[in-house]
Amino acid sequence: MSKWKVFATGSLLALASISEPASAFGFAGSIVPKSVHAEGGWIYLFGSFSNPDKCATSDVLIINAANSEELARMTSMAITAKTTGKPLSIWVDGCQSVPWFPNAPKAYAMAMGDR
């Protein structure tokens with residue numbers, strides 16, 4: 001292997017090992033929310049979620065929609081899942097402060113049904 005390939009490979013491995021408080025853009029599981037809560041302009045889902053970013057809790061997440069229309073759609077999906085017992089597949093990215101815990105996962109995407 002040439003010196004350049006060894007250097008490039010070593011550099012990539014070094015960059016990959018840098019630890020930072022990064023977001024994990026991760027799958028939080030398929031769950032039926034136990035409750036849907038609205039407070040202070042935010043929508044919270046209560047249940048038992050995976051927590052790829054190691055937020056302070058995995059019992060609640062906050063809907064972090066891109067805009068008000070998406071927030072309305074995601075809220076409707078959450079209420080429908082709670083009412084019908086159909087699971088939501090949820091993807092999260094990072095942590096955000098919530099009133100009951102230091103922080104909780106932020107949901108940026110969801111889908112009705114199992115993943």
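A polar contact, as I will use the term, is a pair of N or O atoms within 3.5 Å, where, within protein, one atom must be able to donate a hydrogen and the other to accept it. With that in mind, and with the reminder that what we have here is a predicted model, let me begin at one such pair: the side chain of Ser 89 makes a polar contact with the side chain of Ser 30, at 2.8 Å. Ser 89 belongs to strand 5, which covers residues 88-96, and because its relative accessibility is 1%, Ser 89 counts as buried.

Let me step back to the chain as a whole. The protein chain contains two helices and six strands, and, read from the N terminus, the elements follow the order α-β-β-β-β-α-β-β. Of the 115 residues in the chain, 32% are buried, and the chain exposes about 6900 Å², with carbon and sulfur atoms supplying 58% of that area. If we take contacts between residues at least 6 apart in sequence, 60% of them join residues that are at least 24 apart.

Now to the sheet. The six strands form an open sheet in the order 1-5-6-4-3-2, and the pairing is mixed. Strand 1, residues 26-31, and strand 2, residues 35-39, stand at the edges with a single partner strand each, so one side of each is left without a neighbour in the sheet. From one strand to the next, the twist averages 40°.

As a general reminder, strands of a sheet pair through backbone hydrogen bonds, in either a parallel or an antiparallel way. Both arrangements can be followed from strand 4. Toward strand 3, the two strands run antiparallel and are joined by three bridges; here Phe 46 stands opposite Val 60 of strand 4, and Leu 45 has Leu 61 in strand 4 as its bridge partner. Toward strand 6, by contrast, strand 4 runs parallel and is joined by two bridges, with Ile 63 standing opposite Ala 107 of strand 6.

Which way do the residues of strand 4 point, and are they buried or exposed? Val 60 and Ile 62 point one way, Leu 61 and Ile 63 point the other way, and all of them are buried. That fits the general expectation that in a regular strand the side chains alternate between the two faces of the sheet.

Helix 2, residues 68-84, packs on this sheet, where it touches strand 2, strand 3, strand 4, strand 5 and strand 6, and its direction makes about 75° with that of strand 6. Glu 70 gives us one point on this helix: leaving out residues up to four places away in sequence, Glu 70 touches Ala 65 and Tyr 108. Glu 70 and Tyr 108 lie 38 residues apart in sequence, while their C-alpha atoms are 9.7 Å apart in space.

A second residue worth following is Met 110, in strand 6, which counts as buried because its relative accessibility is 12%. What is Met 110 in contact with, once its neighbours within four places in sequence are left aside? The list includes Leu 45, Ile 63, Met 74, Met 77 and Ala 78, together with Leu 88, Ser 89, Ile 90 and Trp 91. Two of those names have come up in the strand pairing already, namely Leu 45, the bridge partner of Leu 61, and Ile 63, opposite Ala 107, and Ser 89 is the residue I opened with, in its polar contact with Ser 30. I would add that the C-alpha atoms of Met 110 and Ala 28 are separated by 9.6 Å, although the two residues are 82 apart along the chain.

Finally, the covalent link. A search of the whole structure finds one disulfide, which joins Cys 55 to Cys 95 with an S to S distance of 2.0 Å, and, at -95° about the S-S bond, the link is left-handed. This pair connects distant parts of the chain, 40 residues apart, since Cys 55 sits in the loop between strand 3 (42-46) and strand 4 (60-63), whereas Cys 95 is in strand 5. How do the two ends compare, buried or partly exposed? Cys 55 is buried, with a relative accessible area of 7%, while Cys 95, at 33% relative accessibility, counts as partly exposed. Strand 5 therefore carries both this partly exposed cysteine and Ser 89, which counts as buried.

Notes
Residues are numbered from 1 along each chain as its sequence is written. This is a predicted model: local features need pLDDT of at least 70, side-chain atom pairs count only at pLDDT 80 or more; totals for chains, interfaces and linings use all residues. Side-chain values use heavy atoms; hydrogens and water are left out. Helices (H or I, at least four residues) and strands (E, at least two) are DSSP runs, numbered from the N terminus. Buried means under 20% relative accessible area, exposed over 50%, partly exposed in between (1.4 Å probe, protein chains only). A disulfide is a pair of cysteine sulfur atoms within 2.5 Å. Two strands pair if DSSP finds at least two bridges between them. Axes are lines fitted to C-alpha atoms, for helices over the stretch in contact, and angles run from 0 to 180 degrees between N-to-C directions. Contact means heavy atoms within 4.5 Å. Accessible areas come from the Shrake-Rupley method with a 1.4 Å probe; for residues, only the protein chains shown count as cover.
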